[in-house]
Amino acid sequence: MNNAVDVIELEMAILVRRLVSMTTYKKTGNLDRSAYLLLYQIDSYGSAGVKALSDEFHLDISTVSRQAAALEQKGYVRRIPDPIDGRAYSLEMTEAGLEVLNENKKARQDSIGKMLSNWSDGERVIFGELLRKFNTAILEEASE
């Protein structure tokens with residue numbers, strides 16, 4: 001097992017270095033990584049409050065609030081007041097937000113598709129499943 005962990009550790013270091021240097025993951029179009037993930041979450045699961053988003057991403061409310069304010073300023077999301085608690089609100093995607101999200105998603109998927117062009121469908125599926133499992137393990141480790 002140690003040999004496998006050695007290989008994984010080295011490959012992770014190389015992967016992180018390469019991802020940081022790739023413009024696809026730094027910023028694609030008008031969205032940086034955090035904006036992309038917030039818009040993706042809202043698009044996938046519907047409107048959400050800052051607290052719910054901060055819980056989902058395991059970030060401080062103030063961090064998500066600043067990110068949401070930037071998205072709102074660009075017209076990508078709008079605030080929907082909570083009918084019960086006038087101080088609270090949810091964020092809802094606008095048409096402009098959906099458009100920029102879809103543009104960025106396509107650019108990201110095209111880039112990844114090129115990288116995996118020589119992989120079989122089975123390899124892509126297995127890689128996706130293992131990557132999801134690894135991301136879950138990272139989250140569990142961070143929660144301890």
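## A walk from Leu-53 outwards

Leu-53 makes a good starting point: leaving out residues up to four places away in sequence, its contacts are Leu-38, Gln-41, Ile-42, Ala-48, Val-64 and Leu-91. Keep in mind as you look around that this is a predicted model.

Leu-53 also belongs to something bigger. The largest nonpolar core counts 18 residues, and Leu-53 is listed with Leu-31, Leu-39, Leu-71 and Leu-91 as those with the most contacts inside it. Which elements give two or more residues to this core? They are helix H3 (33–45), helix H4 (50–57), helix H5 (61–73), strand E4 (89–93) and helix H6 (95–115). H3 gives the most, with five residues, so let's go there next.H3 has 13 residues, and at 1.5 Å a residue they should span 18 Å; the C-alpha atoms at its ends are 18 Å apart, which agrees. Its buried residues are Ala-35, Tyr-36, Leu-38, Leu-39, Gln-41 and Ile-42. What do they pack against? The partners of the buried residues of H3 are strand E2 (31–32), H4, H5, E3, E4 and H6. Just past the end of H3 you'll find Gly-46, with a positive phi of about 90°.

Gln-41 deserves a closer look. This glutamine lies in helix H3. Is Gln-41 buried or exposed? Its relative accessible area is 15%, and buried means under 20%, so Gln-41 counts as buried. Setting aside neighbours within four places in sequence, Gln-41 is in contact with Gly-46, Leu-53, Glu-56 and Phe-57. Gly-46 is the glycine with the positive phi just after H3, and Leu-53 is where we started, with Gln-41 among its contacts.

Now turn to H5. Its 13 residues should span 18 Å at 1.5 Å a residue, and its end C-alpha atoms are 18 Å apart, in agreement. Within H5, Val-64, Ala-68 and Leu-71 are buried. Why do they sit on the same side of H5? Because they cover an arc of only 55° around the axis. On the other side of H5, Arg-66 and Gln-73 are exposed. The cover over the buried residues of H5 includes H3, H4, E3 and E4. Two of these buried residues have come up already: Val-64 touches Leu-53, and Leu-71 is listed among the core residues with the most contacts. Just after H5 comes Gly-75, which has a positive phi of about 85°.

Next, the charged pairs. Side chains of opposite charge can pair when their charged atoms come close. How many salt bridges does the structure hold? There are four, and three of them are described here.

One is in helix H4, where the side chains of Asp-55 and Lys-51 meet at 3.0 Å, N to O. Asp-55 and Lys-51 are four residues apart in that helix, about one turn. Asp-55 has a relative accessible area of 42% and is partly exposed; Lys-51, at 49%, also counts as partly exposed.

Another pairs Glu-72 with Arg-79, whose closest N and O atoms are 2.9 Å apart. Glu-72 is partly exposed at 28% relative accessible area, and Arg-79 is partly exposed at 42%.

The third to look at joins the side chains of Glu-92 and Arg-78, at 2.9 Å from N to O. Glu-92 lies in strand E4 and Arg-78 in strand E3 (residues 77–81), so this pair ties together parts that are 14 residues apart in sequence. Glu-92 counts as partly exposed at 29% relative accessibility, and Arg-78 is partly exposed at 40%.

Stay on strand E4 for the last stop, Ser-90. With a relative accessible area of 25%, Ser-90 is partly exposed. Apart from residues up to four places away in sequence, Ser-90 touches Ser-47, Ala-48, Gly-49, Arg-78, Arg-79 and Ile-80. Two of those are salt-bridge residues: Arg-78 pairs with Glu-92, and Arg-79 pairs with Glu-72. Ser-90 is also 7.0 Å from Val-50, C-alpha to C-alpha, although 40 residues separate them in sequence. Among the contacts of Ser-90, Ala-48 brings us back to the beginning, as Ala-48 also touches Leu-53.

Terms used. Residues are numbered from 1 along each chain as its sequence is written. This is a predicted model: local features need pLDDT of at least 70, side-chain atom pairs count only at pLDDT 80 or more; totals for chains, interfaces and linings use all residues. Side-chain values use heavy atoms; hydrogens and water are left out. A nonpolar core is a set of buried Ala, Val, Leu, Ile, Met, Phe, Trp, Tyr and Cys residues joined through side-chain atoms within 4.5 Å. Buried means under 20% relative accessible area, exposed over 50%, partly exposed in between (1.4 Å probe, protein chains only). Contact means heavy atoms within 4.5 Å. The expected span of a helix is 1.5 Å times one less than its number of residues. The arc is that of the directions from the helix axis to the C-beta atoms.
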